[in-house]
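The following note sets out points for discussion on the structure shown below. Each point takes up one topic.

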Amino acid sequence: MLEVPVAMIVFNRPELTRRTFESVRRAQPKKLCIISDGPRADRSGEASLVAQSRAIAENCDWPCEIDRFYSDTNLGCGRRVSSGITEVFAKHERAIIIEDDCLVNDSFFQYCSELLEYYADDERVMAISGDNFHNGQRFGEASYFFSKYPHCWGWATWRRAWARYATALPSWPQYRDTQDMAAMCSSIAEQDYWTRTFDRVYAGQIDTWDFTWVLACWMHNGLTALPNVNLVSNIGFGEGATHCSEASPWAELPTEEISQIEHPTRVTRSYLADQRTDRVMFSRGKLKARHLGQLARRWATSRAA
């Protein structure tokens with residue numbers, strides 16, 4: 001049985017929840033935390049779907065302590081997921097977190113469990129992720145490498161790291177033009193992409209929690225351990241998805257088993273991996289002309305400071 005608590009985030013997709021729950025059943029965690037938002041009042045039939053999803057996640061046929069973090073009203077993706085995770089860490093020191101549309105390789109749980117213990121007191125490491133978007137390209141000879149990107153389709157962290165989430169977004173205006181923000185980015189295009197993204201999250205134009213988690217990690221130079229093989233497959237793209245309604249090259253990626261863990265000799269970020277991630281996933285579009293001069297001056301100033 002798995003000693004580390006598992007937090008499962010569910011909402012209104014019972015069939016996906018059923019498939020994802022099978023991997024949790026095989027891992028048999030001793031403690032299961034279920035996070036669920038309430039149904040939207042204007043969506044006919046959603047209350048039933050939410051109830052079905054919760055019932056599936058509660059159907060533990062092994063000895064298991066269940067914590068239910070349910071909202072009666074709909075808070076939205078950003079507030080419900082973040083507040084639910086906060087509730088989990090009010091009770092537990094560490095947790096493995098998966099969403100209802102993420103199938104994980106069975107070895108994902110042991111990988112997270114081992115690294116949660118290995119880096120428990122290393123504040124440089126803020127998260128462990130099972131995601132790998134590098135299509136077979138390895139970074140180093142170890143089982144995993146370190147990145148600035150806390151990918152979160154299947155991941156784990158500690159109370160000590162999540163405590164930094166709450167202060168991240170209110171601190172964005174002060175952090176925005178600092179040398180630290182510029183140092184996190186390898187190009188003007190990348191800085192532009194993330195500046196505009198965090199600006200929109202700060203303004204309430206994007207209802208999500210994960211961009212704020214990226215910001216929290218960046219503000220503290222936090223590293224995320226990423227495996228050299230992919231351990232998580234997102235099956236939730238398409239109709240019914242909140243943020244992933246369109247076809248994507250990252251949908252339903254195959255997973256591989258991660259065997260005996262070989263740890264890197266140094267806790268240091270792979271700049272090559274992060275540059276590739278930015279190129280294929282984020283700031284691949286052209287800079288708008290009106291941003292270019294302003295950002296070039298900001299970039300030069302922050303680098304020279």
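1. In this predicted model, N221 is found in the loop between α10 (210-219) and β9 (223-227). Its relative accessibility is 51%, and N221 therefore counts as exposed, the cut-off being over 50%.

2. Which residues does N221 contact once its neighbours within four places in sequence are left aside? They are R124 and M184. For M184, the C-alpha to C-alpha separation from N221 is 8.3 Å in space, against 37 residues in sequence.

3. The helix that precedes this loop, α10, lies across two strands, β6 (125-129) and β8 (154-158). With respect to β6, α10 runs at about 140°.

4. The largest nonpolar core comprises 81 residues. Within this core, the residues that touch the most other members are I96, Y111, W213 and W218. The element that gives the most to the core is α10, with seven residues.

5. W213 merits a separate comment. Apart from neighbours within four places in sequence, W213 is in contact with M126, A127, P150, W155, T157, A161, W162 and Y165. W213 is also one of the residues that touch the most other members of the largest nonpolar core.

6. Turning to the sheet, eight strands form an open arrangement with mixed pairing. The strand order is β3-β2-β1-β4-β8-β6-β9-β7. At the edges are β3 (65-70) and β7 (144-147), each of which pairs on one side only. From one strand to the next, the twist averages 25°.

7. How do β2 and β3 pair, in the parallel or the antiparallel sense? Strand β2 (residues 31-36) pairs with β3 in the parallel sense, over six bridges. In this register, K31 stands opposite E65 in β3.

8. A final point concerns two helices. Two packed helices are described by the angle between their axes and the distance between the axes. For helix α1 (residues 14-27) and helix α2 (residues 46-58), the angle is about 10° and the axes are 9 Å apart. Angles under 35 degrees count as roughly parallel, so α1 is roughly parallel to α2.

9. The contact between these helices involves P14, T17, R18 and F21 from α1. On the α2 side, the residues met are L49, Q52, S53, I56 and A57. By class, the residues of the contact of α1 with α2 divide into five nonpolar, three polar and one charged.

Terms used
Residues numbered from 1 in each chain as written. Predicted model: local features only at pLDDT ≥ 70, side-chain atom pairs only at ≥ 80, totals over all residues. Heavy atoms only, no water. Axes fitted to C-alpha atoms, helices over the stretch in contact; angles between N-to-C directions. Helix = DSSP H or I, 4+ residues; strand = E, 2+ residues; numbered from the N terminus. Parallel < 35°, antiparallel > 145°, perpendicular 65-115°, else oblique. Contact = heavy atoms within 4.5 Å. Nonpolar A, V, L, I, M, F, W, Y, C, P; charged D, E, K, R; others polar. Buried < 20%, exposed > 50% of the residue type's maximum accessible area, 1.4 Å probe, protein only. Core = buried A, V, L, I, M, F, W, Y, C linked by side-chain atoms within 4.5 Å. Pairing = 2+ DSSP bridges.
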